[in-house]
Amino acid sequence: MNRRRLLFPVLLGVLLVWSSDHAAAQSPSAAGAREQPFDVLIAGGRVMDGTGNPWRYADVGIRGDRIVAVGRLRGAASTRVIDARGKIVTPGFVDIHSHADGPKYGSQGLRASDERRRAAPNLVMQGITTVVVNQDGRSPRSIAEQRQTLERLGIGVNAALLIGHGSVRGEVMGSDYRRPATRGEVDSMRVLVRRGLAEGAWGLSAGLEYVPGRWSTTDEVVALVKETVPQQGVYIAHERSEGADPMWYWPSQHEGRPPSLVDAVRETIEIGERTGATVVASHIKAKGAHYWGASRVVIRLIDEARRRGVSVYADQYPYNTTGSDGSTVLIPRWVFSRERAGEPEDYAAALRDALSVDSLASMVRLDVAHEIRRRGGPQHVVVMEYPIADWVGQTVGDLAATRGVSAVDMAIVLQLEGDPRQAGGGALRGFSLSEYDIEPYAKQEWTATATDGWISLPEDGLTHARVYGTFPRKIRRYAIERELMTIEQAVRSSTSLPAAIMGFADRGALVEGHAADIVVFDPESIADNATFFDPHRYPSGMEYVLVNGRFVVDGGEPTWALPGRVLTHEGSLGR
């Protein structure tokens with residue numbers, strides 16, 4: 001009996017796939033599609049529609065910017081035919097947490113004067129066709145102006161815009177932001193959020209670990225998120241903490257218990273519960289060697305909230321190092337700003353000054369030990385650039401052992417013997433995350449794939465590998481190699497899931513009538529190639545990518561085309 005119950009869904013799935021193919025071949029739309037030539041025909045590929053359904057052999061016919069036929073289209077006339085035999089054909093990938101534009105990255109992003117940047121080659125080569133920008137509570141003051149600029153300049157990917165909580169808070173409160181907002185100030189923020197939504201924003205982003213959002217209350221955020229609900233807006237949160245404590249916390253400087261990741265996730269769930277909005281816990285993680293394994297608690301919290309009907313999701317980049325890990329400085333920042341008006345020119349001198357005072361020296365050592373642990377422990381903090389070439393590529397733990405000192409002392413040595421004009425003495429990267437948490441998060445049905453990345457060109461120097469490799473890595477490492485999910489499920493986390501979270505009605509699924517945002521990749525060779533010492537490397541296996549029916553990747557090479565659009569709500573609501 002048990003065996004028969006297991007076999008029935010398999011047989012049913014086979015029947016449904018056959019029926020779908022048969023219907024597509026016989027349907028009036030498929031038949032009618034043959035009467036006019038296609039602009040592009042993708043033939044003979046294994047189509048994964050983005051929903052998580054099993055793949056099926058099918059051809060895809062494109063006319064203009066739309067998918068007009070999916071089925072058996074052999075023999076149909078087409079201006080161009082792509083032979084996709086042995087390849088997988090999917091919807092274009094939707095990057096739900098991107099810094100491809102926004103006030104911090106605008107001059108180096110989609111509004112750059114350089115057309116090469118606006119083509120976003122490192123993104124389209126991953127299969128990304130749509131980015132959701134203005135993250136972490138940061139957005140331009142005018143969404144309308146941002147939208148007009150993007151449309152005027154031309155962009156390589158589609159873009160959906162958010163309104164930033166931190167930006168509206170800063171506009172209302174000015175420099176007096178280190179406190180809860182008054183009721184009147186919250187009302188003024190609500191007006192700005194409504195204006196941003198009217199100008200084209202899809203929802204609200206927040207950066208509650210950053211200035212000025214750090215001092216906001218949950219009630220303030222709830223009031224603003226409520227403004228997004230009438231248009232089915234989304235709330236995407238960089239939460240107040242991503243580990244045992246926030247990035248601004250130093251044990252020598254702050255009293256009381258700081259918010260933890262668990263506290264932060266509870267707040268995001270509460271915001272969703274109180275407003276009815278769809279909420280997203282961004283780049284979900286468990287940061288710090290002393291916090292690894294906390295994903296089990298977070299997953300339970302989210303699962304329980306979803307069972308209660310809360311529309312809560314997460315997004316994730318599949319790497320064991322964060323963005324801020326790339327600018328790791330083990331010496332606490334307060335050492336450099338003590339009794340000085342700004343950053344000192346000689347960081348080593350500032351550290352010597354602090355160490356010369358016994359009470360301050362003990363505080364320095366306390367905070368250095370805390371930072372090492374928060375960045376993954378001494379064996380997970382790597383020297384990326386340093387005046388002593390032999391030290392590059394070694395960990396703080398290795399250097400400490402060679403020198404015969406503690407990890408804390410080695411961090412001090414790095415500053416005192418390194419570049420005095422650079423905080424920390426050189427460039428360090430912490431690897432503060434663990435597969436103990438990355439893998440459990442990655443396989444959740446509510447976790448969307450996202451880069452938390454930006455547009456990058458080779459001349460930009462060291463950057464995060466996720467900027468070039470996120471989406472291929474999810475498929476190669478976690479679906480093909482680790483088998484934590486099927487390729488279909490990995491594709492779903494990159495397509496229909498983020499599209500549904502955002503409310504994109506015509507993106508994220510490979511079906512007739514949808515926009516022709518399409519990826520063709522080779523499952524045998526797809527892989528991320530970027531490393532942290534050599535990050536500017538395109539992934540393998542991404543053979544064709546189309547945005548609105550135009551090739552942005554052709555034969556495995558970027559075309560530098562600019563067919564992207566700023567997405568609007570017209571005709572796109574439907575979560």
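Helices (H or I, at least four residues) and strands (E, at least two) are DSSP runs, numbered from the N terminus. With that in hand, let's set off.

What you have open is a predicted model, in which local features need pLDDT of at least 70 and side-chain atom pairs count only at pLDDT 80 or more, while totals for chains, interfaces and linings use all residues. Residues are numbered from 1 along each chain as its sequence is written, and side-chain values use heavy atoms, with hydrogens and water left out.

**Stop 1: His 380**

Select His 380, in the loop that links helix H13 (358–374) to strand E14 (381–385). Is this residue buried, partly exposed or exposed? His 380 counts as partly exposed because its relative accessibility is 31%; buried means under 20% relative accessible area, exposed over 50%, and partly exposed in between (1.4 Å probe, protein chains only).

Now show the surroundings. Contact here means heavy atoms within 4.5 Å. Apart from neighbours within four places in sequence, His 380 is in contact with Trp 292, Arg 375, Arg 429, Gly 430 and Phe 431. Display the side chain of His 380 too: it reaches the backbone oxygen of Gly 376 at 2.9 Å. For a sense of scale, add Arg 80, which is 300 residues from His 380 in sequence and 50 Å away in space, C-alpha to C-alpha.

**Stop 2: the open sheet**

Next, colour the strands of an open sheet of 6, in the order E9-E10-E11-E12-E13-E16, with parallel pairing. The edges are strand E9 (163–164) and strand E16 (447–449), each of which pairs on one side only. Two strands pair if DSSP finds at least two bridges between them. Strand E13 (residues 312–316) and E16 are joined in the parallel sense over 3 bridges. To see where they meet, pick Gln 316, which stands opposite Thr 449 in E16.

Then add helix H9 (residues 261–275), which packs on the sheet and touches strand E11 (234–238), strand E12 (278–281) and E13. The direction of H9 makes about 170 degrees with that of E12. Axes are lines fitted to C-alpha atoms, for helices over the stretch in contact, and angles run from 0 to 180 degrees between N-to-C directions.

**Stop 3: helix H16 and its two partners**

Start with helix H10 (residues 295–307) and helix H16 (residues 435–442), whose axes come within 9 Å and cross at roughly 20 degrees. That makes H10 roughly parallel to H16; angles under 35 degrees count as roughly parallel, over 145 as roughly antiparallel, 65 to 115 as roughly perpendicular and the rest as oblique. Which residues make the contact? Select Ser 295, Val 298 and Ile 299 on H10, then Tyr 436, Asp 437, Pro 440 and Tyr 441 on H16.

Keep H16 on screen and bring in helix H17 (residues 466–481): the two pack at an angle of about 95 degrees, with their axes 12 Å apart. H16 and H17 are therefore roughly perpendicular to each other. Here Glu 435, Ile 438, Glu 439 and Ala 442 of H16 meet Lys 474, Arg 477 and Tyr 478 of H17.

**Stop 4: the E17, E18 and E19 strands**

Move on to strand E18 (residues 542–547). Of its 6 residues, 5 are buried, so E18 is largely enclosed by the rest of the structure. Strand E17 (residues 518–521) runs antiparallel to E18, with 4 bridges joining them, and the bridge partner of Val 520 in E18 is Tyr 544.

E18 also pairs with strand E19 (residues 550–554), in the antiparallel sense over 4 bridges. Tyr 544 has Asp 554 as its bridge partner in E19. E18 and E19 form a hairpin with 2 residues between them, and Asn 548 in the turn has a positive phi of about 55 degrees.

**Stop 5: Asp 528**

Finish with Asp 528, in the loop between E17 and E18. Asp 528 counts as buried, at 17% relative accessibility. The side chain of Asp 528 makes a polar contact with the side chain of Arg 473 (3.3 Å). A polar contact is a pair of N or O atoms within 3.5 Å; within protein, one must be able to donate a hydrogen and the other to accept it, and residues adjacent in sequence count only if both atoms are side-chain atoms. Leaving aside neighbours within four places in sequence, the residues in contact with Asp 528 include Tyr 319, Gly 469 and Pro 539.
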